[in-house]
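Dear colleague,

Please find below the sequence and structure that I am handing over to you. My findings follow directly after them.

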Amino acid sequence: MAEPVGALFGFLILMPFWTPSINGFILAAISGIMVFISIDELLPSAQKYGEHHLSIIGLMAGMIVMATSLFLFI
């Protein structure tokens with residue numbers, strides 16, 4: 001119950017200050033955190049189990065798909 005209540009509390013406090021620019025900055029920060037977790041945590045684990053090349057290919061393919069989709073839909 002803490003997360004929904006905290007989200008509602010944050011929504012009510014921050015909504016008057018929320019702009020599309022702030023939304024973009026927050027989404028960019030979250031994306032950077034996810035990429036860091038992928039590279040820092042998942043790739044070493046894949047190397048430990050012997051599948052690091054496949055993981056790197058998947059990571060790069062995902063980045064290419066995301067970049068292409070952003071380019072096509074802007």
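Helices and strands are taken here as DSSP runs, a helix needing at least four residues and a strand at least two, with numbering from the N terminus. On that basis, the protein chain reads α-α-α along its sequence. The total is three helices and zero strands. The radius of gyration is 17 Å, whereas the globule rule gives 11 Å for 74 residues, so the chain is more spread out than a compact globule.

Please note that this is a predicted model. The mean pLDDT of the protein chain is 87, and 99% of the residues score at least 70. Among the elements, helix 1 (residues 2–14) has the highest mean pLDDT, at 90, and helix 2 the lowest, at 86.

Overall dimensions and surface are as follows. Along the principal axes, the C-alpha atoms fill a box of roughly 50 × 35 × 15 Å. Only 3% of the 74 residues count as buried. The exposed area of the chain is about 6,500 Å², of which carbon and sulfur atoms supply 79%.

Helix 2 deserves a separate paragraph. This helix covers residues 20–48, 29 residues in total, and spans 41 Å from its first C-alpha to its last. That is close to the 42 Å expected at 1.5 Å a residue. Helix 2 nevertheless has a kink of about 30 degrees at Leu42, shortly before the proline Pro44. After helix 2 comes Gly50, with a positive phi near 85 degrees.

One residue ahead of that helix may also be of interest to you. Trp18 is located in the loop between helix 1 and helix 2. Is Trp18 buried, exposed or partly exposed? Its relative accessibility is 37%, so Trp18 counts as partly exposed, the limits for that class being 20% and 50%. Leaving aside residues up to four places away in sequence, Trp18 touches Asn23 and Ile26.

Yours sincerely

Methods:
Residues numbered from 1 in each chain as written. Predicted model: local features only at pLDDT ≥ 70, side-chain atom pairs only at ≥ 80, totals over all residues. Heavy atoms only, no water. Expected span 1.5 Å × (residues − 1). Bend = angle between axes of the 7 residues up to and from the residue. Rg over C-alpha atoms; globule rule 2.2 N^0.38 Å. Buried < 20%, exposed > 50% of the residue type's maximum accessible area, 1.4 Å probe, protein only. Areas by Shrake-Rupley, 256 points an atom, 1.4 Å probe, with all protein chains shown as cover. pLDDT = per-residue confidence, 0-100. Contact = heavy atoms within 4.5 Å.
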